[in-house]
Amino acid sequence: MRHLTPSFALAALQRGRQIEQFLGRTERDGHQGLCWIALSPGPSGVTIYVSDVEDVGTDNFFDITEFPPLDPEENTWGREIAVLPTPEEALHLAQRDLAADPERWVNQGIVCDEYQDFRKMNP
């Protein structure tokens, strides 16, 4: 099973593990790209990052974490949206404000597999 149940996603954050979610296509300043988010626990709380990236994937290259940002002025890791004190609050904000699906979280690094599946379904 690739996707984390909501309770497993919460448990991963509580154990200090990053979780991610592929959100699909996005548009920024008239440019088409892809969007994915990461929730990353740290000493200050859980940081929420949003990455809007160029779709430079190929049949052999689908590491979305290495794609360049849509905005060349932006950090390659994405925009920091918020740092929240608890994993519960971070998950709630991601779902409420960023349209994250509570059933689609994956462990760190698996977002690339999500993108690969997306490419197969959206050539």
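**Close-up views of Gln18, Ser40 and their setting**

**View 1. Gln18 occupies the loop between helix 1 (6-14) and strand 1 (19-28).** The model shown is predicted. With a relative accessibility of 9%, Gln18 falls under the 20% limit and therefore counts as buried. Residues up to four places away in sequence set aside, Gln18 touches Ala38, Leu39, Ser40 and Pro41, together with Trp77, Asn107 and Gln108.

**View 2. The side chains of Gln18 and Ser40 make a polar contact.** The distance for this pair is 3.3 Å. One partner, Gln18, lies in the loop that separates helix 1 from strand 1, and the other, Ser40, lies in strand 2. Gln18 is buried, and Ser40 is buried as well.

**View 3. Ser40 is a residue of strand 2 (residues 31-42).** Its relative accessible area is 18%, which is under the 20% limit, so Ser40 is classed as buried. Apart from neighbours within four places in sequence, Ser40 is in contact with Gln18, Gly45, Val46, Thr47 and Tyr49. Of these residues, Gln18 is the one whose side-chain polar contact with Ser40 is described in View 2.

**View 4. Ser40 and Thr5 are 35 residues apart along the chain.** The C-alpha atoms of these two residues are separated by 17 Å. Ser40 belongs to strand 2.

**View 5. The protein chain that surrounds these sites contains 3 helices and 5 strands.** From the N terminus on, the elements follow the order α-β-β-β-β-α-β-α. The radius of gyration is 14 Å, close to the 14 Å that the globule rule gives for 123 residues, so the chain is as compact as a globular protein of that length. Along its principal axes, the C-alpha trace spans about 35 × 35 × 20 Å. Among contacts with a separation of 6 or more, 62% are accounted for by residues 24 or more positions apart.

**View 6. Burial, surface and charge are given here for the protein chain as a whole.** Of its 123 residues, 41% count as buried; Gln18 and Ser40 are both classed as buried. The chain exposes about 6,800 Å², of which carbon and sulfur atoms supply 48%. The chain carries 10 positive and 21 negative charges, and the mean positions of the two sets are 6 Å apart.

Notes: Residues are numbered from 1 along each chain as its sequence is written. This is a predicted model: local features need pLDDT of at least 70, side-chain atom pairs count only at pLDDT 80 or more; totals for chains, interfaces and linings use all residues. Side-chain values use heavy atoms; hydrogens and water are left out. Helices (H or I, at least four residues) and strands (E, at least two) are DSSP runs, numbered from the N terminus. The radius of gyration is taken over C-alpha atoms; the globule rule is 2.2 Å times the number of residues to the power 0.38. Buried means under 20% relative accessible area, exposed over 50%, partly exposed in between (1.4 Å probe, protein chains only). Contact means heavy atoms within 4.5 Å. Accessible areas come from the Shrake-Rupley method with a 1.4 Å probe; for residues, only the protein chains shown count as cover. Lys and Arg count as positive and Asp and Glu as negative; His and the chain ends are not counted. The place of a charge is taken as NZ of Lys, CZ of Arg, CG of Asp or CD of Glu. A polar contact is a pair of N or O atoms within 3.5 Å; within protein, one must be able to donate a hydrogen and the other to accept it, and residues adjacent in sequence count only if both atoms are side-chain atoms.
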